[in-house]
Structures are given as C-alpha cells and as structure tokens.
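User: I would like to learn how to read helix packing and core formation in a structure. Could we start with the general idea and then turn to the case at hand?

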Amino acid sequence: MPRYEFKEGSSSKFWEINLSGNSFTARWGRIGTDGQEKTQTFGSPEEAQKEHDKLVREKEKKGYVLAGKGDDDDSDGGGGEEPASNPELEAAILKDPANVDAYLVYSDWLQGQGDPRGELIAIQHAAAQASGTEASDLKRKATAHIKKYQTLLLGELAAGVKSEELSLEWHLGFIRSARVGKKDYDSEFDVAEALGTLLKHPSARFIRGLTLGMADFEENDYSTAVEAIVQAGGSKTIEELFIGDFEYPDETEISWTHLHDISGLLKLLPGLRKLRLRGGDLALGDVDLPELREFTVETGGLPLAAIKSISSAKWPKLERLEVWFGSDNYGAEGGVEDIQPILDGKDLPNLKQLGLCNSEFTDALAQVLPTAKVLKQLEKLDISMGILSHEGAQALADNAAAFAHLKQFDVTENTLTAEAQSLLSKALPNATVGNQRDYEEDYRYSAVGE
C-alpha cells in the first residue's frame, strides 16, 4: 500500500491508500500509530480510480511525500506516483529495440524506483526463456501483474481495455503494439482521444505497432484520428501502421471510409517499415520513408494524385508494394502510363513483390508487363481482382518466358472465361488462375469498388 508522509514542525502524519476494483481503502494518522481506516465504494473502477487520483493530488499539494514502495501483497500499484524515467537507459533501448540486455538493465533500475514495469520486464523475459507449463505460468503471472498495477501501467487507457476497444500487446514491461477502434454503433469511445493518451503514455514509450479499427460507424472518417497522432508528435518508434482494420462490407464499405491527407502524419513516423492503408479519399503528398519495407493501399477508387505520390515515392528499401486502383465509378483515376516509374523499377532496387490489383486497366497491364524492367527482379507478381479478359490472357501466354522465373503469379478474381483460364494454366504453370468472376463484355468492373 503506497504510504505518504508529512513532517513539518510538530506535525508527523502518514496517509495510505489502496485501490482495488471499484473501491479503495484509506488509512491515516500520526506516524507511529495504527491510525484510522475508511473504505469507499463507487459505481465503477473508473470512478474509483478518478477519486483515488484526486485524493493523491490533494495530499501531494499539502506537502505529503511518497515514503517508499508499498506492500506488494496488498497494493494494486496505486497510481498517484509518477512513473520512473531514466533517459539514458531509455536511449539505449531506442537505439537497439532488439537488445534484451538494455531492457534488463532498465528493469533493475525501475525496480529500484518501485516502478512495477521493472518487475514486469523481468517476468516477461523469464517467460520468453521458459517453455511448457513454466512459460504458461509466467505469462499468466505477467497478465495478473498488469491487472494488479493497471492504475500506473494504464491510467486512463484502462477503460478502453475494459471495453475491448483498445487492445494491447505487452513486451518486456511496455506496450509493443496497440489496436484502437470503436466496437459498435452505440460506442461512446473516443478513438482520437485514446490515441493521444496512448502515444503520450510512459507505458507506450517503445511502441512499435499501431492499428486503427473503426473510427466511427456513422461516417468512418480517420481525419481526427490522424490529427491526434500528429498532435502527439507522431512516433520515432512505430514501425508498423495499419489504418483501416475493418471488415468490409460487414462493418462498412471501403469507399464509405475516408483516409484524407496523411502526408503530415508520414513525416512524423520516420521509422516506418510497414504501412497499410484501407479506404478512400487518400492523399499522400511527397512520400519519403527511408526504412519502409512494405506498402499496401486497399481502395475502391485511387485518385491520380495518390498514384503519382506512390510512383515517385522515396523508399529505397521497399520490398513489397501492393496497390488497389479501384473503379472509376468510385473515384479511380489514371492508367498504365501513370505507373511507368514503378514498371521501370525506378528507385526500387529491393522490390521483390509487386501487386497491381483491383484495376480496370488489367488488359493494358498484360500488354506492357512482359517488357517491364522491374519484372526481372520480382519473385511475386499479383494482378488479381481486375478485369483481365481473353485478350489480356493471350498477351501473357504469348510472353510466358518473361514470367517463368516468378515463384508466384496471381491472376485470380479477374473476369477470365474457362477457355482463357485453360490457356493461361498451360502457358504459365506458376500462375494461380482459378476463382474468376463472371465475364460480361459490357459489364466488367474491378472486384472492389464500393
């Protein structure tokens, strides 16, 4: 139980508080006596935590000082204490996030400060080294530790975790990845507010992955969520970002989702290695992501400006590129000529996987792909979900030798007739040809529009 003391002149008093679920017990009196005790119960754990923190602040303003770490057997971590911080040790982790020794050194220091993150590092490290029953027991111990000290480890984030609208993965005492998103139409969860709190929270100082689910079921617009990340200063540690983790069409349609301009956000995430975007109305601006390895955009209508941003992007380490172009009925623009820099492999020395998907110019792609400079360096090529016809299939079959080196060639979910499927299967044994959509000469659209 955290103990606060006040010593001034003839005054020598103590005050202790133990928060547990939706109640807390306070004990106070003169140092050296048992003092008095009182328990208060509230309507929810959140109300109890709010009142608990208020009382702690009031005591601190009156001059009460934390005397030391409380009894671990009885305390849930309090929450009035400021989390410990050691910039030098944190810098060592930030410099090499895979260096477990840096975490263990930090663990020793944190435990010396009475910060429960220190013990959590030790428990999770032990779990990673163990196996079988021992590992399972240690993982359960880590989960119990997080729950016990949730006030300090989570603070305001605890409500989102409880409602299952904030999902967290913990690694060596800190949040490694998080998913934030509304659960249903009736939810009052504020995604933008939660993001701002998360990125400023000490437990997320080494966060590496962030996923955004539904921002709103009325109008799934990510602009305020993106702005919250920008206002928080972005993150130097985030390596993976997924905006648009929703089920379509069950939760919403892709083209009813609005990504808007995320160029400012990308400038604040210099360490990104994997970026996935799902939705419409996308603007990227000048893309300069020196560490990015994977980029995916899934949309029912990609604007020409976004295509040009992708084609001229600076991402020299990119290994996988997947672009869904969509239908002109939902805002798709551009054609083969607008992705020529990609076909030429310009500034893409490490690209091994290329997806040019969900397109209404698939036949035109089939004509130019055999001579595309980028083809020779690829291991996987994906032109699925488009409107590939017999004409396009014939162009691919006639140039089968150009594609022979590919480990995987995906032409599924196009509009190939049975005859065209047979043609491609014989000419390109490495191609995945089945699962085609119905072919109608005057009614062919990309697989995903709305």
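Analyst: Packing between helices is described through axes, which are lines fitted to C-alpha atoms over the stretch in contact, and the angle between their N-to-C directions runs from 0 to 180 degrees. This is a predicted model, and in it helix α8 (residues 191-200) and helix α9 (residues 223-231) pack at an angle of about 20 degrees, with their axes 8 Å apart. That angle makes α8 roughly parallel to α9, and the crossing of the two is right-handed.

User: Which residues of α8 and α9 meet, and how do the residues of that contact divide into nonpolar, polar and charged?

Analyst: From α8 come Val-191, Ala-192, Leu-195, Gly-196 and Leu-199, and from α9 come Thr-224, Ala-225, Ala-228 and Ile-229. Seven residues of this contact are nonpolar, two are polar and none is charged. When reading such a list, it helps to recall that an α-helix has 3.6 residues a turn, so residues three or four places apart point the same way.

User: Is α8 mostly covered or exposed, and what covers its buried residues?

Analyst: The helix is mostly covered, since seven of the ten residues in α8 are buried, namely Val-191, Ala-192, Ala-194, Leu-195, Gly-196, Leu-198 and Leu-199. The cover over these buried residues includes α9 together with the strands β6 (166-171), β7 (174-180) and β8 (209-212).

User: How should I read the pair formed by helices α2 and α3, and at what angle do their axes cross?

Analyst: The procedure is as before, but the relevant cut-off is now that angles over 145 degrees count as roughly antiparallel. The axes of helix α2 (residues 87-95) and helix α3 (residues 100-112) come within 9 Å and cross at roughly 160 degrees, and α2 and α3 are therefore roughly antiparallel to each other. Their crossing is left-handed. In the contact itself, Leu-89, Glu-90, Ala-92 and Ile-93 of α2 meet Ala-102, Tyr-103, Val-105, Tyr-106 and Trp-109 of α3, which by class gives eight nonpolar residues, no polar ones and one charged.

User: How many residues does the largest nonpolar core have, and which helix gives the largest share of it?

Analyst: The general idea is that in soluble globular proteins, nonpolar side chains tend to be buried together. Here the largest nonpolar core has 102 residues, and those with the most contacts inside it are Leu-210, Leu-277, Phe-295, Ile-310, Trp-315, Leu-321 and Phe-409. Its largest share, six residues, comes from helix α8. Apart from this core lies another, of twelve residues, among them Tyr-4, Phe-6, Trp-15 and Phe-42.

User: What does Trp-315 touch, beyond residues up to four places away in sequence?

Analyst: With those neighbours not counted, Trp-315 touches Val-287, Leu-289, Leu-292, Phe-295, Ile-310, Leu-321, Asp-347 and Leu-348.

User: How do I set these details against the protein chain as a whole, and what share of its residues is buried?

Analyst: Of the 450 residues in the protein chain, 50% are buried, and the chain has 16 helices and 19 strands. Its C-alpha atoms fill a box of roughly 95 × 45 × 40 Å along the principal axes. To see how far along the sequence contacts reach, consider those between residues at least 6 apart: 64% of them join residues at least 24 apart.

Conventions
Residues numbered from 1 in each chain as written. Predicted model: local features only at pLDDT ≥ 70, side-chain atom pairs only at ≥ 80, totals over all residues. Heavy atoms only, no water. Core = buried A, V, L, I, M, F, W, Y, C linked by side-chain atoms within 4.5 Å. Buried < 20%, exposed > 50% of the residue type's maximum accessible area, 1.4 Å probe, protein only. Helix = DSSP H or I, 4+ residues; strand = E, 2+ residues; numbered from the N terminus. Contact = heavy atoms within 4.5 Å. Parallel < 35°, antiparallel > 145°, perpendicular 65-115°, else oblique. Left-handed = near helix turned anticlockwise from the far one by under 90°. Nonpolar A, V, L, I, M, F, W, Y, C, P; charged D, E, K, R; others polar.
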